[in-house]
Amino acid sequence: MDLDFAHLAISENTCWRYCHKWTSATIGATRGCEPHVNWRESSGSASSGTRVQRSTRNQMPVAALAPAIAGSCLVATRRRRRKIRRVQAEFAKAGNLLIKPVDCPKLIGASRPAHWVLRSSDLQVTLAFLANVFGMKVLRHEEYARSCAITCNGKYDTPWSKTMVGYGREDECYCLEVTYNYGISEYPPSNGLAHVAISVDSVAVAQEAALAMGCSVDGDIITGPDGYRFRVLPQSTTHEERFQYVAIKVANGPRASAFYEQALGMCDLSADFQQQVAGIGASAVFGYSRDHVPLVLLEDRSVGVSERTQTEGRNAIAIPGLALRALYLRVAEGQHGGAVLHAIREFNELPEIRRSRGLPPMPCTPPPDEYLQELRRDPSSAPPMGTLTVAIVTDVDGYEICLVSKEAYDSAVARAYTPDKEIDWAWRRDAAAGKRTALPPHQLACV
């Protein structure tokens, strides 16, 4: 169970406020009961020795206050502990969220696929391939000293990096997230992620560039670094997005379709993508809008759920915060298949909480102090866009899906967009050799 620290912070502060008020009230009541004498020593003449002077001030001796203070603190401490235990017990329930879910089809329909996660055993080679063959660029690059608390880098306990690659800002366009794990030189072959379809200005030029880099080309399929397959299609004037779709293999087409439609609220877009998926044996095409990058399901009954590897990566979907919580509950309740891999987290972005969860600092502008000030003061009263909410679930075939709140995510990645920054390859070589030093500010994570 991942305890929500924001709840604990509120409960603890509240309890100590009660402690202060209760103590003050106790002292005030005691003062009002009866006048008391404060005896103190004062210096007199040598002949008279030490005199004891009586103060006319109505003040209780410190010794008399001690039981009241101790008692009030004890009561407050017990209340605080009961509050924490109650939060711990309730947090395990799926419905105990800072912001209540709204299960609204129109709100869910505003969701969009954000990116797909790929693994890389050689980041320079992977980035060169994506740039030379498909014309992609680096959107932002981040380095992490520890493995991700929600396994963004897979199940690898090692420092790692994340490089977002694509054609435009992440809050506006689809992209790829390329993760590199230091010390991992090889990944098991992917048997579920069929291919990523990308449109290019010239299919022939893209194929020639791939062959020049030593990649294999089989018709319109190019096999790139780490065995990932890409399908090249001619750019369509009616579809501006370069990424056409992502195709995955599923054991049972109707069952997988039911999950994406009923659990994640997607629509069947097969009729809108007939031309793009012609000839690949698609069982169905699902997404939230024909203007976004859909998910293509390829039925292959030889593919088992237990065969998912770390190379399959992860599908990230940006969903309006209120709707995200509703979709999470659908999966958590298990009515449509799938499962929760990492329970929902509602981040309040306090630096100490980010450290406890294995997350790096946030050097974004404006600072998180200003951006999420209201959320820190009172998490329950903050607007949905002020809470970065993340949950990791799996579909009926075991593919990982990252559900992230659209408002906070889009705002953060827009501020983190740094395509003009170069990756510090010298620093990375030292890091790979075990000589990790402080990173340049732009290479620290914003999200």
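Which residue in β10 is the bridge partner of Ile222? Select Ile222 and look across to β10: the partner is Phe230.

**Before you go on**

This is a predicted model, where local features need pLDDT of at least 70 and side-chain atom pairs count only at pLDDT 80 or more, while totals for chains, interfaces and linings use all residues. Residues are numbered from 1 along each chain as its sequence is written, and side-chain values use heavy atoms, with hydrogens and water left out. Helices (H or I, at least four residues) and strands (E, at least two) are DSSP runs, numbered from the N terminus.

**Stop 1: the open sheet**

Stay with the strand pair. Select 221-223 for β9 and 229-234 for β10; they run antiparallel, joined by 3 bridges. Two strands pair if DSSP finds at least two bridges between them.

Now show the whole sheet. It is open and has 8 strands, in the order β8-β9-β10-β7-β11-β14-β13-β12, with mixed pairing. Go to its edges, β8 (216-218) and β12 (267-268). Each has a single partner strand, so one side of each has no neighbour in the sheet.

Add helix α5, residues 203-212. It packs on the sheet and touches β7 (193-200), β8, β9 and β10. Contact means heavy atoms within 4.5 Å. The direction of α5 makes about 150 degrees with that of β10. Axes are lines fitted to C-alpha atoms, for helices over the stretch in contact, and angles run from 0 to 180 degrees between N-to-C directions.

**Stop 2: helix α6 and its partner**

Select 253-263. This is helix α6, which lies across β11 (243-250), β13 (284-287) and β14 (295-299). It runs at about 160 degrees to β14.

Next, add helix α7, residues 321-332. The axes of α6 and α7 are 10 Å apart, at an angle of about 140 degrees. The two helices are therefore oblique to each other. Angles under 35 degrees count as roughly parallel, over 145 as roughly antiparallel, 65 to 115 as roughly perpendicular and the rest as oblique. Show the side chains: Phe259, Gln262 and Ala263 of α6 meet Leu327, Arg330 and Val331 of α7.

**Stop 3: a covered hairpin**

Select β17, residues 388-394: 7 of its 7 residues are buried. Buried means under 20% relative accessible area, exposed over 50%, partly exposed in between (1.4 Å probe, protein chains only). Leu388, Val390, Ile392 and Thr394 point one way, and Thr389, Ala391 and Val393 the other. In a regular strand the side chains alternate between the two faces of the sheet.

Add β18, residues 400-405, which runs antiparallel to β17 and is joined to it by 5 bridges. Thr394 stands opposite Glu400. The two strands form a hairpin with 5 residues between them. In the turn, find Gly398, with a positive phi of about 90 degrees.

**Stop 4: cysteines**

How many disulfides does the structure hold? It holds 0. A disulfide is a pair of cysteine sulfur atoms within 2.5 Å. Select Cys402: the nearest cysteine sulfur, that of Cys152, is 6.4 Å away. Cys402 counts as buried, at 13% relative accessibility. Cys267 is partly exposed, at 41%.

Finish at Cys175, in strand β6 (residues 175-181). Is Cys175 buried or exposed? Cys175 is buried, with a relative accessible area of 0%. Its contacts, beyond residues up to four places away in sequence, include His115, Trp116, Met164 and Phe243.
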